[in-house]
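Work through the exercises below with the sequence and the coordinates open. Each task is followed by a solution in steps.

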Amino acid sequence: MRWAGDTVATEAVHTTFQMADHLPVLSVLVPFIAAPLIVLLGGRALAWPLAFLASAASCLISFALLMQVIDGSVISYHLGGWAPPLGIEYRIDAANAFVLLLVSGISTVVLPYAKASVAQEIPAKHHTLFYSCYLLCLTGLLGVVATGDAFNVFVFLEISSLSTYVLIALGAHKDKRALTAAYDYLIMGTIGATFFVIGIGFLYMATGTLNMADLAERIADKGANRTVKAAFAFIIVGMGLKVAMYPLHLWLPRAYVFAPSAVTAFLAATATKVAVYVMLRFAFSVFQPAFVFEVNTLEFILIPFALLAMFAASFIAAFQSNLKRLLAYSSLAQIGYMMLGIGLLNETGVTATLVHLFNHGITKAALFMAAGIFILRCGSSFFDDIRGLGKVMPWTSAAVVIAGLSLIGVPGTAGFVSKWVLVQGALERGWWWIAVLIVASSLLAVIYVWRVVEVLYLAEHKARANPFNPPLMMTVPLWIMALACIFFGLNTDLTMGAASVAAEGLFAGSTGLETGAGDGH
Amino acid sequence: MTSDFFFGHLNYWLFIILMMTGLYIVVAKGNLVKKIVGLNIFQTSVFMFYISIGNVTGGTAPIFPLDMKIDPDVLYSNPLPHVLILTAIVVGVATTALGLALIVRIREEFGTIEEDALLELEHEISRKVNDQHGDAMGGRHSGD
């Protein structure tokens, strides 16, 4: 019997337990176990250190994983020793590890900032639960990225989503509209996730498997039928809701504006990026880009909406009078660039999406952290409140300028690298007009970033009684991100290297079960 | 064969009807609790869909006899979708619980759970905030 045989295999695995072999699952398990531990230990003093330790540990693990797979190899980890396709497989390649590092890295940098920021914004009795939810959210995001099992993606997606709703609702202490924002996101997010799970159901119906590599093989063998097409449609729309792809973006601005500052910084840099990754994984690994229905969808649906997002959202951002809301709309525009990279359907385009996912993550984390500091200083991030802060808070404002330049895509900053690759991708397809549009929409970014700079530096400051001075715990993470914007703009080895290997891997299509799964069947 | 088209795919038709009913309620109803009810119906339709695709024609319940003497001639239904749906049900329950908890808090803060009234209250808040801070959107409040 197969079951008995597998049990023997499990025992063999356990006797030769080695930490290094279990890195893929540990990156997800560490925050997952720390989250309830924080609540069980109960002490408010312990909550933050534990959360930070867990996040830092999974960041280190992610880095180790990326170093292992950056040469294009694949790590296949069998959960509980059950061989795929029956068991759940964690499959780490360059694309996974790259996003894992982004998510855990951002989380680790944001946490010190969160300690100071949360202390001001959320009542003390909720702190323990806040860190627990934060770690659960991190677990979910990491799990979505690490797993190679389609249904497992849904489960982790919901873990991260449910904790996200809670984190956003915690903003209610400052503004009660956070509650309705969280509720709206809950409704839309659940519809998105349910669409996704319908898609998985169709795939299972058509192929009888849930393992992504196995799915890819079986779909490629059988060719596409109507069930597979329906699955594709449901998955793209469901993930589109999570990505906040242009027409499905309505939940995002409100959620970002009313969430606590630390939560916004974390989510803006990671949550939508993880959804973009899932879209990439399904569009290129599970389904074959060779299918006509997929080419049609990605080229003729994704690209127009991506272009619309780039222009419309930037345009709306240029008219905002609240920094946090401006940044939220700018995020929508930047998601447009990522969708465009997917729609280009070539390796350069996908590389651009992956690099932009990383670069925009660090840029937006810096900007939202700065906005959070401004809010604590001035009570809100409305332009007339933060006027003239350039003179009063030179360091924070300078960080905003650096990250703002990266948002525009000025040479020497991270944003430039990804937009450059994206333009190259468009030119490779011979679509010079898209390249022109990318540059043109960047000009809109110049406008809204300039408005921020103008408000910060060229206006008189309204002095307040006992102004809030941000502790180092807040400014250091901000500057780490701002310097990262410059570092990854000048040194592109890590980002471009990992992203191009990842894109190559995604385009090679299914690597098959046999290559990764040694003890398969 | 139209009757076969309907009865042959009965589970899918029911799935579609339930799914659309649920989605319609989510979109059309203004009461936040009713929206959650709609969401539940929508999710339940997906549970039904999964469970029905696990059925093998002529198959029996996938439960092995206690003595584990398995008769190779017995056809079992596929238990995997059922197991998946157990997980999805748990997720659904958690979503419902969280949604209802949010509604309780909304009711405490706003004093209503009707969408129209909530929108109006929120517009009032944004109008007040925008009056205070200047509204660069030219008086357009719909974003808030």
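**Exercise 1: a core residue**

Task: List the contacts of A:I168 in this predicted model, leaving aside its neighbours within four places in sequence.

Solution. Step 1: the contacts of A:I168 outside that window are A:A178, A:A181, A:A182, A:Y185, A:A255, A:F258, A:A259 and A:V263. Step 2: place A:I168 in the largest nonpolar core, which has 236 residues. Together with A:F98 and A:A366, A:I168 touches the most other members of this core. Step 3: look for the main contributor to the core, which is helix α7 (residues 177-207) of chain A, with 20 residues.

**Exercise 2: A:Y329**

Task: Decide whether A:Y329 is buried or exposed.

Solution. Step 1: locate A:Y329 in helix α13 (residues 323-343) of chain A. Step 2: count the C-beta neighbours of A:Y329 inside 10 Å, which gives 26. Step 3: apply the cut-off for a buried residue, 20 or more. A:Y329 therefore counts as buried. Step 4: list its contacts, again without neighbours within four places in sequence: A:P253, A:A313, A:I316, A:A317 and A:Q320. Step 5: take the C-alpha separation of A:Y329 and A:R254, which is 10.0 Å for two residues 75 apart along the chain.

**Exercise 3: the contact between the chains**

Task: Describe the side of chain B that touches chain A by element and by class.

Solution. Step 1: count the residues in the contact, 33 from chain B and 31 from chain A. Step 2: assign the chain B residues to elements; α3 (32-53), α4 (80-110) and α5 (115-133) each supply at least two. The largest share, 14 residues, comes from α4(B). Step 3: sort this side of chain B by class, which yields 21 nonpolar, seven polar and five charged residues. Step 4: note the model scores, ipTM 0.90 and pTM 0.90.

**Exercise 4: domains and confidence in chain B**

Task: State how the two domains of chain B are placed and where confidence is lowest among its helices.

Solution. Step 1: take the bounds, domain 1 (2-62 + 75-113) and domain 2 (115-144). Step 2: their centres, over C-alpha atoms, are separated by 35 Å. Step 3: four residues of domain 1 are in contact with five residues of domain 2. The domain 1 side has two nonpolar, two polar and no charged residues. Step 4: chain B averages a pLDDT of 86, and 92% of the residues score at least 70. Step 5: confidence is lowest in helix α1 (residues 2-7) of chain B, at a mean of 77, and highest in α3(B), at 94. Step 6: residues 137-144 of chain B stay under 50 in pLDDT, and the model has nine contacts for them beyond four places in sequence.

Notes:
Residues numbered from 1 in each chain as written. Chains lettered and ligands numbered in written order. Predicted model: local features only at pLDDT ≥ 70, side-chain atom pairs only at ≥ 80, totals over all residues. Contact = placed C-beta atoms within 7 Å. Helix = DSSP H or I, 4+ residues; strand = E, 2+ residues; numbered from the N terminus. Nonpolar A, V, L, I, M, F, W, Y, C, P; charged D, E, K, R; others polar. Core = buried A, V, L, I, M, F, W, Y, C linked by C-beta atoms within 7 Å. Buried ≥ 20, exposed ≤ 12 C-beta atoms within 10 Å, placed from the backbone. Domains from an automatic or database assignment. pLDDT = per-residue confidence, 0-100.
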